[in-house]
Amino acid sequence: MGKPTGFLEVERKDRSYTAPEERLKHWNEFVVPLSNEEIRDQAARCMACGIPFCHNGCPVNNIIPDWNHLVYEDDWKTALETLHSTNNFPEFTGRVCPAPCEASCTLNIIDTPVTIKSIECEIVDRGWREGWIEPQLPARKTGKRVAVVGSGPAGLACAQQLARAGHTVTVFEKNDRVGGLLRYGIPDFKMEKHLINRRAQQMEAEGVEFKTSTEVGVAISMEALRSNYDAVALAGGAEHPRTLDIPGSELAGVRLAMEFLTQQNKRNAGDDELRAAPRGTLSAKGKHVVVIGGGDTGSDCVGTSNRQGAASVTQLEIMPKPPAVEEKSLSWPHWPLKLRTSSSHLEGCERDWAVTTKRAIGQNGQIEALECVRVEWVDGKMQEIPGSEFELKADLVLLAMGFVGPRKAGMVEQSRVELDGRGNVKATMLDYMTSEPDVFACGDMRRGQSLVVWAIREGRQCARAVDLHLMGESHLPR
């Protein structure tokens, strides 16, 4: 490494945020980046640790020590090339990835991991500013046609890799804009959508065709796709939400988190209220909001509710409160279970753990409160604690309890692909082939709900599997 003693000489420093009272006034990103000098110093902290556990911690296997060294040497362009060799969209992961690489960093043993995520983000952002990121056209066309269904991170990665291999690629997206979960599930204050538009333009210049507002299984049949394309890659995500099965859940004001988030993202994109909220406007303004679900989607609902002017926000989690600091000897270098507080939580939110809901209470069809009870976990089983019942005032309840797999109606049913025991499309990580000939599956549709970085990995690997299937060999990286 360029600075073998860097980790001894330089303290960890990461990006900061603008103050909550300022950032709550707008929907833009609010991360304050480090200077080039500070990034270079942080890259110098990367150790010559012998075994780079960060490689395995990163789902796309980013070559982290190499581009850290290149940043330290001020060779940003080569650092960008190295970063892009494993990750098609580092500007996405540099913003929304939880950074399992940092959890695996050897320096995380003493809670001072290298700021890998911030360095990654600065490399790619600098690449765009300098004009280094350009379309990569294939040396020759193969004459093969591939349909990719879904334009989330898995579908985009799969399509871009296939186009660069010389195939003619068409991406079908049911929504009116490209991006899938990146576009409508992640708030703009975490990732502004011009980042997606910029990549889509690059991909179009590389030969990818996007067909938006075209739902496969509705606007076009799977049979038509299979007749007109040499291969089909299913990358439609895991969009079937887990719902709340309690008395009163039908009351107005009990809604799905993704509907709430999508509406606001559409407004931010300039859509009028009829297009943004065809089923009626969801707004947290002046309301007591309860978010059920303690994950990232729940956190996004907290940040969105606060920006809309909620009177109060409470987030409930059914699992016990995790420890503030993990037990390193039991977890490192694997992803640890520990308390995670997001920027949205810091903007104002009451959080409560080991709570389940029993009943939604309301009048005239509108929710007014949630009846809850505290629980404990014994031998992995949840038990209610007698006498711990309580009520929460609630004008709006947002369900952010995760997803149980892909939607079955339409594309999945028409494709006749076999499903696994969890209801996902069955395919292995070796060949990504479904039970139907020439039909592949990747991303959340195959593995279940997961991270953006896992979707990118699966899209890249699926593209290689499709290329190998069509051509008998593949030069795409796995």
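Reader: Let's start with F30: does "buried" or "exposed" fit, going by relative accessibility?

Author: Buried means under 20% relative accessible area, exposed over 50%, and partly exposed in between (1.4 Å probe, protein chains only). At 5% relative accessibility, F30 counts as buried. Keep in mind that this is a predicted model, where local features need pLDDT of at least 70 and side-chain atom pairs count only at pLDDT 80 or more, while totals for chains, interfaces and linings use all residues. Residues are numbered from 1 along each chain as its sequence is written, and side-chain values use heavy atoms, with hydrogens and water left out.

Reader: Okay, and how do I read an aromatic pair?

Author: You describe a pair of aromatic rings by the distance of the centres and the angle of the planes. Here, rings of Phe, Tyr and Trp (its six-membered ring) pair if their centres lie within 6.5 Å; planes under 30 degrees apart are stacked, over 60 edge-to-face, the rest tilted. The whole structure has 6 such pairs. One of them joins Y17 and F30, edge-to-face, at 5.4 Å centre to centre with 75° between the planes.

Reader: Which parts does the pair of Y17 and F30 tie together?

Author: Y17 sits in strand β1 (residues 16-17) and F30 in the loop between α2 (20-23) and β2 (31-32), so the pair ties together parts 13 residues apart in sequence. Helices (H or I, at least four residues) and strands (E, at least two) are DSSP runs, numbered from the N terminus. Unlike buried F30, Y17 is partly exposed, with a relative accessible area of 44%.

Reader: Which residues make up the cluster linked by ring pairs?

Author: That cluster contains Y17, W27, F30 and F189.
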